[in-house]
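Reader: I am in my first year and still learning how to look at a model of a protein. Could you take me closely through the helices of one chain, and then show me how that part sits within the whole?

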Amino acid sequence: MADRLWFLIPELIVLVGAVVCAIGGLSNGAAIRRRIGFIACGFLLAACIAVPFVYTPERIATADTLLPYLGKYIKFFAALIGILLVMSAGGLMDRKYEHAIKKGKATFSALRTSSGEFHALLLLSIAGVMLICEARDLIWLFLALELVSLPTYVMVAMSRWSKVAQEAAMKYFFLGAVSAALMLYGFALLYAATGTFVFTEMADVFEAQRAAGGVSVFGQIGLLLAIFGLCYKIAAAPMHLYAPDVYQGASAAVTAFLAFIPKTAGMLAIILLCSLVGWEDGLPPVLEMALWVVAVLTMLLGNIGALLQTSTQRMLGYSSIAHSGYMLIGVIAGPPLGIVAVLVYLVIYGATNTSAFASLACLSKDGAPVDSLEDISGLHKRSPLAATSLAVSCGSLLGIPPLFGFWGKLMLFAAGIAAGQLVLVLVAAVASAISAWYYLRLIGLSLLSSTTPQSESVKATLRWPLIAAVISAIIAIGGPLVLSSIVTEAQQAVLAPEE
Amino acid sequence: MSLWLLLLLPLVGAVCVFLANASIAKWISLGVSTLVFVLSVLMAVQYGEWGSAGTGFASHVAWLSQLGITLDLGVDSVAMLLVLLTTLLTPLCVWGSFTAITSRRKEYYAWLLILETAMLGVFSAQDLILFYVSFELTLVPMFFLIAIYGGKNRAHASVKFFIYTFTGSLFTLAGFVYVAWQFQLSQHGVWSFAIHDLSQFASAMTASEQGWVLLALLAGFAVKIPVFPVHTWLPLAHTEAPTAGSVILAGVLLKLGTFGVYRFVLPMVPEAVVAYAPAIAILAIIGILYAALICWVQDDVKKLVAYSSVSHLGFCVLGLIALNPIGLEGAVLYMINHGLSTGALFFLIGMMYERYHTRDMNSIGGLAKKMPVWSFFMVFFVLASVGLPGLNGFVSEFMCLLGTFIASGSAPTWPGVLGPEYAAIAAIGMVLAAMYLLIMVGKVVFGKLKEPDIEGQHTNLPHDVSPREIGILVPLAALCIWIGVQPTVLTDAMRGSVEDVLAPYPLIVQEQLDKPETVIIIEKEDTHG
């Protein structure tokens, strides 16, 4: 038991960070209040550094989870990208209020600040993702998933003082509750099928069932329902309908968060559930068929949907739906290559998607956030750094070699082909080709178009989101240099425990 | 000296250009690209594999060992020739843009240098993924060159160019990965993307597998070449691109497609090539004739030359799939010759456009009286393009057609699946080329002097071509004459590589001919193509 606590040290660091942020945000001292972001980054960095020390081979040998190495990989990168996400949210909360206090126009009141809570929620959600890696039973998994989701509902609501954000938060919350119920029902059926909540025991029961002719009906329906519930978290069709509204309604920095952290959580949970039945003799046909249909629908609906948008955030929202579809190819392909590809893709996607949203988050138009496509027209003349970051990240999301995104897609394609899923890969190729239209449109608007009257006043005003955008754009360009070591880590992450 | 130096130098140059002052950007990029050219000439002199089948300047760098992806470089003699073509055309393009580009200059020259790296990467890659990465990377600089510096319709042209080629090559990538996966299965889980490994392995796959791989590979390469009916991006991109963009596009980028066929399609999937060759040949011939007829009715000079590229590249494809050394050597020679003469034609049209701001044959004419030197070069390169004996175009066109002509099943040493009937129909294209190009020359160069009203569009350029512009055209003209008189130097140099690629073919063609159901297969594939 003591060993299990060892593995939770990164989570504990992040949780302590959450508490410190929450309290620090209420501090009377403006110096602390205005540096909440740095504090959050500091704790994430500490968690990052702690990971290699926590996961020593001796300790991993005693672990009783399905994928004992998974945590090392996910916790490290979740914390690292978490730092970028905190940076993209820099200046989002309380900026005007703090400004007013500085000018002496307002006095500090603890009730009116929200920066501390915001960062605390953000860290809690990241801690949730980390906890999923250590899940050894369904209860833990469910609680960890909810720890990821619940803070995000609040974050959406508090990210903007507008009705749109409130509406987005309500939609997100109610539909999220429905999907959680669906997932729980699936978990209950899984319990009915196996008589246990513990993953390792469930895997044994399923193995026995397979030997006796196949996974029981309860088990199959349970898995199906649970995975449909999780499709909500990764914004995959047919559970993707909330995503465009929510991604548009929340502020860009929060959308960057939504498009990465809950998606990572959902993907990990799907991988864990699938590894209960195992890929050795193929997933159960019903499950594989369902995942196949979900993947195809997600890729096509996401990309075609993005074509029709006039709002940048909505467009990138649809694009992030499509990326879930690509990742599902890896899930269907299965270990080792498919899961390695998903894990690598999550990191690559996380970095480049953050870059895209951060370069929107740093923009403002007379103090208001930027929304329509026309607003970024001719951006390169006014904010060359933001425009270039946006273009680079779009190129990477599209998968133009040699940018980072290309290598992720290459690995997913390779995994899909190696699993015999030729049709799926062809659909992905067609979907990628469709996506070229709207990514090129974003690139063209930001780098090539000339300024229009509507976009004249759009400028990059927020410093930290711009820095986050530039850093992650540099990652999108330079990332391939460290790709080999990332793949090595991902390969280790999917190793099964030694018998 | 290694290929890495050649590849990285333009990249370093691009960074310098970007950091430097806009006014000296062009000089830096001219200096760097000239240095690359000098280096490549020195390398060509040192190159030890002329005439043999070996790979020179090979170097190995590990990259993503888990998937067997490496950064291996190396060039065979054909690739070395195309490297020389690239390094020659790039400094000329930089030099040719000195007066034409007036805004966003730093970016322009940086993109040109990045484009050079990408093109050299395509020719020198010894790894499929490195090839693909370079192949795709050429799109990005070209996209920006067209989209920022192009004509009125540049936005549409650049997007169409990008999407066509990007979509096509995704299928090529899928084909590559499929072969690599099959290889990995046979090697118990060890991946490799080395061209050498996969070519050898793929040629042993079953005929139907090879057919699918061929379709996948051609999806990318046919768009790039371009082969009818996926050629529609080309006239638009060519017409809208700035002069240097058109030169690079015609001179080198189109050759990436034919080079892909030479490097991958021919060695990897011989059985499928034999089965599909008639279908591909028919498409190529349709392209030759159809594009030639379109040329005939063009008023825009640049569009005319652009469509003539589609027509000309059809001959190149015929030579590639004639499956005998004469045809293949002719095809490779064609790649170089087309780069020289069409590149020069685009330069000339660019020079005219800079002076008159029009390319419309109806509003311009009789320029021989106003610009005698320009007119001399125009007539010269048109004749080279048409295939006047003594100039370069004739040799390669003749070799491609001859190769096609003798590529019948009854040929003694190199039996093929084409034959005199294919050559005869394709030859009509030569006649048409002479007609449309000479009509163009007749209108623009000779006849009554006709100048558009250029008041208010004052340029600092002299009436006739400047010494700088002559300096661009002379090397190209000299090479045209040299290749026209001494083609054997080049054909001998590439013979070893060409014969190595073709080595398995006589046997496979013979087997196909002996099989009674060959006819049925071909007919079935026809509907596919």
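Author: What follows looks at chain A helix by helix, and then turns to its partner.

This is a predicted model, so it is sensible to begin with confidence, where pLDDT is the predictor's own score for each residue, from 0 to 100. Chain A has a mean pLDDT of 89, with 99% of its residues at 70 or more. Among the elements of this chain, the lowest mean, 77, belongs to helix α1(A), residues 2-7, while the highest, 94, belongs to helix α2(A), residues 9-24.

We can now look at pairs of helices. Two packed helices are described by the angle between their axes and the distance between the axes. Helix α12(A), residues 217-234, packs with helix α16(A), residues 285-307, at an angle of about 20°, and their axes are 10 Å apart. Because angles under 35 degrees count as roughly parallel, α12(A) is roughly parallel to α16(A). Their crossing is right-handed. On the α12(A) side, A:Gln220, A:Leu223, A:Leu224 and A:Cys231 take part, and they meet A:Val286, A:Leu287, A:Ala290 and A:Val294 of α16(A). Sorted by class, the residues of this contact are 7 nonpolar and 1 polar, with no charged residue.

A second pair can be read in the same spirit. The axes of helix α8(A), residues 115-133, and helix α15(A), residues 261-277, come within 10 Å and cross at roughly 15°, and therefore these two helices are also roughly parallel to each other. The crossing of α8(A) and α15(A) is left-handed. From α8(A) the contact draws on A:Ser125, A:Ile126, A:Gly128, A:Val129, A:Ile132 and A:Cys133, and from α15(A) on A:Ile261, A:Thr264, A:Ala265, A:Leu268 and A:Ala269. These residues divide into 8 nonpolar and 3 polar, and again none is charged.

Following the chain onward from α12(A), one comes to the loop between α12 and α13 of chain A, where A:Ala235 lies. Most residues other than glycine have a negative phi, and most peptide bonds are trans. A:Ala235, although it is not a glycine, has a positive phi of about 55°. A:Ala235 counts as buried because it has 29 C-beta neighbours inside 10 Å, and 20 or more are needed for that label.

Beyond this loop comes helix α13(A), residues 242-249, which is mostly covered, since 6 of its 8 residues are buried. Those buried residues are A:Ala243, A:Pro244, A:Val246, A:Tyr247, A:Gln248 and A:Gly249. What covers them includes α9, α10, α14, α16 and α17 of chain A, and so α16(A), already met as a partner of α12(A), appears again among the elements that cover α13(A).

Between α17 and α18 of chain A there is another loop, which holds A:Pro336. A:Pro336 is joined to A:Pro335 by a cis peptide bond, with omega about -5°. Helix α18(A), residues 337-361, contains A:Leu360, which is buried because 27 other C-beta atoms lie within 10 Å. Leaving aside residues up to four places away in sequence, A:Leu360 touches A:Ala252, A:Thr312, A:Gln313 and A:Val370. A:Thr452 stands 92 residues from A:Leu360 in sequence, and the two are 18 Å apart in space, C-alpha to C-alpha.

It remains to place chain A beside its partner. The complex has an ipTM of 0.88 and a pTM of 0.91 from the predictor. The contact between the chains takes 22 residues from chain A and 25 residues from chain B. On the chain B side, the elements that give two or more residues are β2, α5, α6 and α7, and α7(B) gives the most, with 13 residues. By class, that side has 21 nonpolar, 3 polar and 1 charged residues. One of these elements, α5(B), is mostly covered, with 10 of its 10 residues buried, and its buried residues pack against β3, α4, α6, α7, α8 and α11 of chain B.

Chain B also needs a word of caution. Its mean pLDDT is 87, and 96% of its residues reach 70 or more, but over residues 522-529 of chain B pLDDT stays under 50. Chain B has a cis peptide bond too, joining B:Phe228 and B:Pro229, with omega about 5°.

Definitions and conventions
Residues are numbered from 1 along each chain as its sequence is written. Chains are lettered from A and ligands numbered from 1 in the order in which they are written. This is a predicted model: local features need pLDDT of at least 70, side-chain atom pairs count only at pLDDT 80 or more; totals for chains, interfaces and linings use all residues. Two residues are in contact if their C-beta atoms, placed from the backbone, lie within 7 Å. Helices (H or I, at least four residues) and strands (E, at least two) are DSSP runs, numbered from the N terminus. Ala, Val, Leu, Ile, Met, Phe, Trp, Tyr, Cys and Pro count as nonpolar, Asp, Glu, Lys and Arg as charged, and the others, Gly among them, as polar. A residue is buried if 20 or more other C-beta atoms lie within 10 Å of its own, exposed if 12 or fewer, and partly exposed in between; C-beta atoms are placed from the backbone. Axes are lines fitted to C-alpha atoms, for helices over the stretch in contact, and angles run from 0 to 180 degrees between N-to-C directions. Angles under 35 degrees count as roughly parallel, over 145 as roughly antiparallel, 65 to 115 as roughly perpendicular and the rest as oblique. A crossing is left-handed if the near helix is turned anticlockwise from the far one by less than a right angle, and right-handed if clockwise.
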